[in-house]
Amino acid sequence: MSEPAFTPQLAAIFAALVEEASGIHYGPPERDLFGSKVAAQAAEAGFESLLDYYYRLRYDDPEGVETRVLVEALTVHETYFFREIAPLRQLVEGHLTEIVRAQGAARVWSAACSTGEEPLTLAMLLEQHGLYDRVEIVATDISEAAILRARTGRHGRRSLREPYPTDLARKYLDVSPHGITSQARLREAIRFRTLNLFDEAAVEQLGRFDVILCRNVLIYFRDQSVTKAVARLTKSLAPSGILAVGVAESLLRFGTALACEERGGSFFYRSAR
Ligand SMILES: C[S@@+](CC[C@H](N)C(=O)[O-])C[C@H]1O[C@@H](n2cnc3c(N)ncnc32)[C@H](O)[C@@H]1O
């Protein structure tokens, strides 16, 4: 049987549904890829008609369970150890060291942590600088599969890419031809949980953070969703707290309530409160 056609109209209504649920935007240039993923999920859920599948998600899925399954299939979990490590070093050696010195403890939120390589890299740097016991790390992602994977501490070989700091890798990672396992002690420092950045109530419950990492996720959102997500993250920052986005991302054109600061060659956004 041939696949049902993913017309521009179907693409538009599915894209709106996915964007409302997750912020993730699929535009006309990605229609083929989006269509094949939606079709695969429709078939998996037992639907021959994409429109029937849409009606199910939109009007007959009150808890959003089926929509979450679709979003799960659409998330991109690309991440690796030591990715964009310079800003992380800067935060550990600067802001977090200062906060721990002044207050005795600090909190960090890795807000779209994928399979955990980002918060694990941070935990290594904290350990190296004697801050491991003083900094609480909360790591969340919309993808339940990614969080389950993160909790296992097992990663594929693509999670380690040249060039990387060999001293840290040797100390904290067990690398074999079959994959990579992170040290259990590192994982114990991190509270992993599933969370959608747009779930206001769940985000509120996490409390305030001295540092929020929200890196390489805003690129999947359109401007209106970036503005909404950043406004929510801003509320979650402690006074003088710092938000770090990916090195290829910039919030300057969004006119946020945060002040952009350069520290040691890395750019951060600081709460004015
Ligand atoms: C490319 S990964 C980035 C991982 C890591 N921060 C890094 O820089 O390597 C993007 C992650 O954002 C997550 N994501 C997408 N939309 C999200 C949302 N609305 N709430 C929370 N996480 C989301 C995806 O599931 C994915 O794991």
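A cavity is taken here as a set of grid points where a 1.4 Å probe fits but cannot get out, and its lining residues are those with an atom within 4 Å of such a point. In the structure examined, which is a predicted model, the largest cavity is lined by Leu197, Phe198, Glu200, Lys228, Ala229 and Arg232. Its volume is about 40 Å³, and the count of cavities of 30 Å³ or more comes to one. Helix α11 supplies the largest share of this lining, with three residues. In chemical character the lining of the largest cavity divides into three nonpolar and three charged residues, with no polar residue present.

The backbone shows a cis peptide bond leading from Glu162 to Pro163, for which omega is near -10°. Pro163 itself lies in the loop that runs between strand β3, residues 154-155, and helix α8, residues 166-172.

Positive phi values in residues other than glycine were found at Glu84 and at Asn216, and each is described here together with its setting. For Glu84, which is not a glycine, phi is positive at about 45°, and the residue is placed in the loop between helix α4, spanning 65-74, and helix α5, spanning 85-103. The relative accessible area of Glu84 is 18%, and because buried means under 20%, this residue is classed as buried. Asn216, likewise a residue other than glycine, has a positive phi near 60° and occupies the loop between strand β7, residues 209-214, and helix α11, residues 223-235. With a relative accessibility of 16%, Asn216 falls under the 20% limit and therefore also counts as buried.

On the surface, Leu51, Tyr55 and Tyr59 together make a nonpolar patch of about 340 Å². One of these residues, Tyr59, belongs to helix α3, which comprises residues 50-59. The relative accessibility of Tyr59 is 60%, and since exposed means over 50%, this member of the patch counts as exposed.

Technical notes. Residues numbered from 1 in each chain as written. Predicted model: local features only at pLDDT ≥ 70, side-chain atom pairs only at ≥ 80, totals over all residues. Heavy atoms only, no water. Helix = DSSP H or I, 4+ residues; strand = E, 2+ residues; numbered from the N terminus. Buried < 20%, exposed > 50% of the residue type's maximum accessible area, 1.4 Å probe, protein only. 1 Å grid on protein atoms, 1.4 Å probe; cavity = no way out; pocket = protein on both sides within 12 Å on 5 of 7 lines; lining within 4 Å. Points joined across faces, edges and corners; volume = space filled by probe spheres on them. Nonpolar A, V, L, I, M, F, W, Y, C, P; charged D, E, K, R; others polar. Patch = residues over 30% accessible without salt bridge, like charges linked within 9 Å, V, L, I, M, F, W, Y side chains within 5 Å. Areas by Shrake-Rupley, 256 points an atom, 1.4 Å probe, with all protein chains shown as cover. Salt bridge = Lys/Arg side-chain N within 4 Å of Asp/Glu carboxyl O.
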